[in-house]
Amino acid sequence: MFHRSERLLLRPIWPEDWPAIKAGIADLQVLRHLASAPYPYHDKDAQEFTRRPIAPGCVRFLVTRAVDAEVLGTIGIDLSPTGEPELGYWIARAHWGHGYATEAGLGAIKVAQVLGHNRLIASHFVDNPASGKVLRKLGFVATGQVNDRFSLGRGEEAPAADFELALQRDNRAMKCAA
């Protein structure tokens, strides 16, 4: 599945994308804001990420600039530990502050609607308010819950604020399934 927005192309992640993924994510300032990526981030971590299975009805995209195909990050909808569809993303630090996370997020939400999801969840570590700002721009609403969440990048738990987004859905479409 692909999605094209004004400036971005969201496309499937292919095994040969691992060097570009590693180049963007292997930065402590990026990794410390992620739950499931370790620090330091090695070649094998990027290679494994490109081969990781995707649950039916879920998606994982490489975020690229449409004009030149430069890799900016990744975004996806995957199953949370509780089995709910969860939006997750990262953008390489060199591309922060340009609205790419918001634009990619809007695309991922459109794809989630096509896939038939009626609700998405997301969270951000409380010391990363920029991610909370992105989620609010996307229409997510804070649940008022802050829970400790383990971050592989930090190697420890940190408080994370929970968000949710209600979606209209197409009843004919499939949903994430474990």
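Which residues cover the two faces of β3, and are they buried or exposed? I shall answer that question first, and then turn to the strands beside β3, to the pockets, and to the aromatic rings. Please keep in mind that the model before us is predicted.

In general, the side chains of a regular strand alternate between the two faces of the sheet. On one side of β3 we find V59, F61, V63 and R65, and on the other R60, L62 and T64; all of these are buried. Here, buried means a relative accessible area under 20%. Because 7 of the 7 residues of β3 are buried, the strand is largely enclosed by the rest of the structure.

Let us now consider the partners of this strand. Strand β2, residues 8-12, runs antiparallel to β3, and 5 bridges join the two. One pair to locate on the screen is L9, whose bridge partner in β3 is T64. β3 also pairs with β4, again in the antiparallel sense, over 6 bridges. T64 appears here too, with V71 as its bridge partner in β4. β3 and β4 form a hairpin with 5 residues between them. Within that turn, A69 has a positive phi of about 65°.

I move on to the pockets. The largest pocket has a volume of about 1,300 Å³. It is lined by 50 residues, and those closest to its centre are H33, L34, G88, Y89 and W90. Several elements give two or more residues to this lining, including β3 and β4, which we have just discussed, as well as the helices α1, α3, α4 and α5. By class, the lining comprises 26 nonpolar, 15 polar and 9 charged residues.

The second largest pocket holds about 250 Å³ of space. Of its 18 lining residues, T82, E86, I121, R149 and D162 lie nearest the centre. The elements that give two or more residues to this lining are β6, β7 and β8. The largest share, 5 residues, comes from β7. In this lining, 5 residues are nonpolar, 6 are polar and 7 are charged.

Finally, the aromatic rings. How many aromatic pairs does a search of the whole structure find? The number is 0. One ring does, however, have a charged neighbour: R154 lies over the face of F125, at 4.5 Å from the ring centre.

To return to the opening question, the residues on both faces of β3 are buried, and this strand pairs with β4 and is joined by bridges to β2. Thank you for your attention.

Notes
Residues numbered from 1 in each chain as written. Predicted model: local features only at pLDDT ≥ 70, side-chain atom pairs only at ≥ 80, totals over all residues. Heavy atoms only, no water. 1 Å grid on protein atoms, 1.4 Å probe; cavity = no way out; pocket = protein on both sides within 12 Å on 5 of 7 lines; lining within 4 Å. Points joined across faces, edges and corners; volume = space filled by probe spheres on them. Helix = DSSP H or I, 4+ residues; strand = E, 2+ residues; numbered from the N terminus. Nonpolar A, V, L, I, M, F, W, Y, C, P; charged D, E, K, R; others polar. Phe/Tyr/Trp six-rings, centres within 6.5 Å; stacked < 30°, edge-to-face > 60°. Lys NZ or Arg CZ within 6 Å of the ring centre and 35° of its normal. Buried < 20%, exposed > 50% of the residue type's maximum accessible area, 1.4 Å probe, protein only. Pairing = 2+ DSSP bridges.
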